[in-house]
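Trainee: Could we take a close look at a single part of this model together? I would like to see how one helix is built, from end to end.

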Amino acid sequence: MRHSYATHLMEDGVNIFFIQRLLGHSTLVTTMRYLRIAHTDPHENQKINLLNVRYFHVVFTLPQELNPIIYQKQKSLYNLMF
């Protein structure tokens, strides 16, 4: 039943990361197994979620223990990332 549920979610274009969390998979590899069963191209389904813009905003989280270093060396961190 879990297999059917996950497969239908994928075929309906639900984000794979959401399905991963919903099913409690610790790795995305486990969730990706459902792609073999789903009769759909996952990239095609996600096109409807894309905005027609030339740029995008990325948000990420770093471990709290790095905060003192990041605050002191912000420019270095930005140069490393971008």
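**A close look at one helix**

Mentor: Happy to! Keep in mind that this is a predicted model: the chain has a mean pLDDT of 76, and 76% of its residues reach 70 or more. A good part to pick is helix α2, residues 16-23, which has the highest mean pLDDT among the elements of the chain, 87. At the other end of that ranking is helix α4, residues 42-46, with the lowest mean, 60.

Start at the N-terminal end of α2, where Asn15 acts as the cap. A side-chain oxygen of Asn15 lies 2.6 Å from the backbone nitrogen of Phe17.

Now move along the helix itself. Which residues of α2 are buried? They are Ile16, Ile19, Gln20 and Leu23. Looking down the axis of α2, you will find these buried residues within an arc of 105 degrees, so they line one face of the helix. Try turning the structure until you look along that axis.

Finally, go past the last turn. Gly24 follows α2, and its phi is positive, near 80 degrees.

For a contrast, you can visit the second largest pocket, with a volume of about 160 Å³. Helices α5 (67-72) and α6 (74-81) each supply at least two residues of its lining, and the largest share, four residues, comes from α6. Among the lining residues are Phe60, Ile70, Tyr71, Gln74 and Met81. By class, that lining has seven nonpolar and two polar residues, with no charged ones.

Note on methods:
Residues are numbered from 1 along each chain as its sequence is written. Side-chain values use heavy atoms; hydrogens and water are left out. pLDDT is the predictor's confidence in each residue, from 0 to 100. On a 1 Å grid over the protein atoms alone, a cavity is a set of points where a 1.4 Å probe fits but cannot get out, and a pocket is an open set with protein on both sides within 12 Å along at least five of seven lines; lining residues have an atom within 4 Å of a point. Grid points are joined across faces, edges and corners, and a volume is the space filled by probe spheres set on the points. Ala, Val, Leu, Ile, Met, Phe, Trp, Tyr, Cys and Pro count as nonpolar, Asp, Glu, Lys and Arg as charged, and the others, Gly among them, as polar. Buried means under 20% relative accessible area, exposed over 50%, partly exposed in between (1.4 Å probe, protein chains only). The arc is that of the directions from the helix axis to the C-beta atoms. A polar contact is a pair of N or O atoms within 3.5 Å; within protein, one must be able to donate a hydrogen and the other to accept it, and residues adjacent in sequence count only if both atoms are side-chain atoms.
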